[in-house]
Amino acid sequence: MGRAFEFRKERKFKRWAKMAVQFTRIGKEIVMAVKDGGPSPDTNSRLRTAIQNAKAVNMPKDRVDAAIKRASNKDENGYEEFVYEGYAQHGVAILIETATDNTNRTVANVRSYFNKTGGTLGKTGSLDFIFSRKSIFRFLPGEKDLEELEFELIDAGLEELYLEADEEGNDIAVVQTAFEDFGKMQKALEDTGVEMKSAKLERISQSTTPITEEQAVDVFKLIDKLEEDDDVQAVYHNMAD
């Protein structure tokens, strides 16, 4: 099956081992949410979403509570959010979302990852024509009639409703709507009683770059370095599937 297959298999095992990294990222989300809207999930929709995402990755409740308590301390520093954009080898666009308490460290690290893997870090906004920001909700479909649910969600701004498989091969329903409709769709889904797995603002590529399996190995070297950095919250690319 070749080097590319082995590399993809290795990445899957690495992804399974990244639970601690996920906890760190969601912990930052909780801190930013509390700093932004207070410690009560009942009145802070961003915090409610972060807690929901924490449950989806089995983050222990005591770690969630500790993050809320820490963020509630006025002396606790928050995090600044920055987006970096550039190109990996073979013309693949890469967009990185970060949350940091030290911008100099973060930009230096991101630049070094691009340089070491033959990529080029670009200017902010240089990939606006490739990536658009969307509200993405994932939930367990269960016994839900998805066609009927589509009609229920149209008024909340539904753009797409489809199924995808998780890493265990289970069906996950995905709802996509506009960036500005996040709150409206979140409430609509909560009102339907679906078992939400995650609710996020994600970057969706509007065009893709076709590359070979071997070229993908080069690109994933950069993506892996970025995803292993504690300041990085999410990495997006436009490689064709």
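Before I turn to the helices, a word on angles: those under 35 degrees count as roughly parallel, over 145 as roughly antiparallel, 65 to 115 as roughly perpendicular, and the rest as oblique. The axes themselves are lines fitted to C-alpha atoms, for helices over the stretch in contact, and the angles run from 0 to 180 degrees between N-to-C directions. What you see above is a predicted model, in which local features need pLDDT of at least 70 and side-chain atom pairs count only at pLDDT 80 or more, while totals for chains, interfaces and linings use all residues. Residues are numbered from 1 along each chain as its sequence is written, and side-chain values use heavy atoms, with hydrogens and water left out.

Let me begin with helix α2 (residues 19-37) and helix α4 (residues 61-72), where helices are DSSP runs of H or I of at least four residues, strands are runs of E of at least two, and both are numbered from the N terminus. These two helices pack at about 40 degrees with their axes 8 Å apart, and α2 and α4 are therefore oblique to each other. The crossing of α2 past α4 is right-handed, a crossing being right-handed if the near helix is turned clockwise from the far one by less than a right angle, and left-handed if anticlockwise. In contact terms, meaning heavy atoms within 4.5 Å, the α2 side includes Phe23, Ile30 and Val34, and the α4 side includes Val64, Ala67 and Ile68.

Now to the sheet on which α2 packs. Four strands form an open sheet in the order β3-β1-β2-β8, with antiparallel pairing, where two strands pair if DSSP finds at least two bridges between them. Its edge strands are β3 and β8 (232-237), each pairing on one side only. Strand β1 (residues 80-87) pairs with β3 over 2 bridges, and in β3 the bridge partner of tyrosine 87 is threonine 120. Helix α2 touches β1, β2 (93-100) and β8 of this sheet, and its direction makes about 110 degrees with that of β8.

There is a second open sheet to consider, with its 4 strands in the order β5-β6-β4-β7 and antiparallel pairing. Here the edge strands are β5 (158-165) and β7 (195-205), and the twist averages 25 degrees from one strand to the next. Strands β4 (residues 131-140) and β6 (residues 171-178) pair over 6 bridges, and phenylalanine 137 has valine 175 in β6 as its bridge partner. Helix α7 (residues 182-192) lies across β4, β5, β6 and β7, running at about 10 degrees to β4.

The same α7 also packs with helix α3 (residues 45-56), at about 60 degrees and with axes 11 Å apart, and α3 and α7 are therefore oblique to each other. Their crossing is left-handed, and the contact is made by Ser45, Arg48 and Thr49 of α3 with Phe182, Gln186 and Glu190 of α7.

I will finish with two residues. Is valine 219, in helix α8 (residues 213-227), buried or exposed? Valine 219 is buried, with a relative accessible area of 0%, where buried means under 20%, exposed over 50% and partly exposed in between, using a 1.4 Å probe and protein chains only. Leaving aside residues up to four places away in sequence, valine 219 touches several residues, among them Gln89, Ile94 and Met239. Threonine 117, in the loop between α5 (103-116) and β3 (120-121), is buried as well, at 9%, and beyond that four-place limit it touches Gln89, Lys221, Leu222 and Lys225.
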